[in-house]
Amino acid sequence: RSAAAVAVDLLLITGAAAWSWFSSYGQVADPGSPVPFLVIVLCARVPVYFGLNIHRVPWRKVSRHDVLWLTGSALAAPPVMAALFYLLPDPFTLGRLPRPYLLFVTEPALYLMLLSGARMGARTIAGNHRRAARCMRTLIVGTGDAARSLVWQIQESVTDYNVVGFVDDDPARRGMRVLGMPVLGDTGDLPGLVSSMRVGQIVVAIPSLTPSRMREILLVCEQ
């Protein structure tokens, strides 16, 4: 599986380079062959790819941190490419091309778009399949810092929980979206929401809640 992911990444790297070339020079009368550019891109990208261990992160567990790491790898290779084009003789040169800097702008952008897009897509598909198969549908009480932190951790991890939304007694929060999840109502709506949304678990994420208010919410949950 790891070897297959590396092979797909190499195809995406090559595809990004080819896309960059043809988007920059597709309308030029005689831009020459793109093969030297593709070779230089691979010579620069592959060491950076393995040197930064991009291949070590499973696609279905990719996080925002990993996307930032991909961004770093996208920016690290163009100086190496420029040095190779400067040092190597023809045909590894861009001197005859109009606006060669376009390649050093579009190639990193397309590289980042394809590699991060493939990873986020794989993670989304895997997460949706897992949630649909056996994850517990969870409703969060509260929309403050503790609730946001909890939901963010669930979203960033492979867990057995599927957050379907929030409830909050602040009327101004009703209808809002927090971390992409809707605020579905207040605590008085819990019995109906549990039934209509097939909720298997309710998590109260309000550290400042008083004991009396906690008991009131628990009584509502027991209905």
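**Exercise 1.** In this predicted model, determine which backbone oxygen lies 3.1 Å from a polar atom of the side chain of Arg45, and whether Arg45 is buried or exposed.

*Solution.* Begin with the polar atoms of the Arg45 side chain, one of which is 3.1 Å away from the backbone oxygen of Ala74. Next, place the residue in its element: Arg45 belongs to helix H2, which spans residues 35–51. Its relative accessible area is 1%, and because buried means under 20%, Arg45 is classed as buried. Finally, list its surroundings beyond four places in sequence, where Arg45 touches Ile13, Ser73, Ala74, Ala77, Pro78, Met81, Glu107, Pro108 and Tyr111.

**Exercise 2.** Describe how Ser73, one of the residues that Arg45 touches, is placed, and state which residues it contacts outside its neighbours within four places in sequence.

*Solution.* Ser73 is part of helix H3, residues 64–87, and with a relative accessible area of 0% it is buried. Apart from those sequence neighbours, Ser73 is in contact with Arg45, Val48, Leu52, Ile54 and Tyr111. As for Asn53, which is 20 residues away along the chain, its C-alpha atom is 9.9 Å from that of Ser73.

**Exercise 3.** Work out how the axes of H1 and H2 cross, and what kinds of residues form the contact.

*Solution.* The axes of H1 (residues 2–25) and H2 come within 10 Å and cross at roughly 140°, which means that H1 is oblique to H2. The crossing is right-handed. Among the residues that meet are Ile13 and Trp21 in H1, and Arg45 and Phe50 in H2. Sorted by kind, the residues of this contact comprise 13 nonpolar, 2 polar and 2 charged.

Methods. Residues are numbered from 1 along each chain as its sequence is written. This is a predicted model: local features need pLDDT of at least 70, side-chain atom pairs count only at pLDDT 80 or more; totals for chains, interfaces and linings use all residues. Side-chain values use heavy atoms; hydrogens and water are left out. Helices (H or I, at least four residues) and strands (E, at least two) are DSSP runs, numbered from the N terminus. Buried means under 20% relative accessible area, exposed over 50%, partly exposed in between (1.4 Å probe, protein chains only). A polar contact is a pair of N or O atoms within 3.5 Å; within protein, one must be able to donate a hydrogen and the other to accept it, and residues adjacent in sequence count only if both atoms are side-chain atoms. Contact means heavy atoms within 4.5 Å. Axes are lines fitted to C-alpha atoms, for helices over the stretch in contact, and angles run from 0 to 180 degrees between N-to-C directions. Angles under 35 degrees count as roughly parallel, over 145 as roughly antiparallel, 65 to 115 as roughly perpendicular and the rest as oblique. A crossing is left-handed if the near helix is turned anticlockwise from the far one by less than a right angle, and right-handed if clockwise. Ala, Val, Leu, Ile, Met, Phe, Trp, Tyr, Cys and Pro count as nonpolar, Asp, Glu, Lys and Arg as charged, and the others, Gly among them, as polar.
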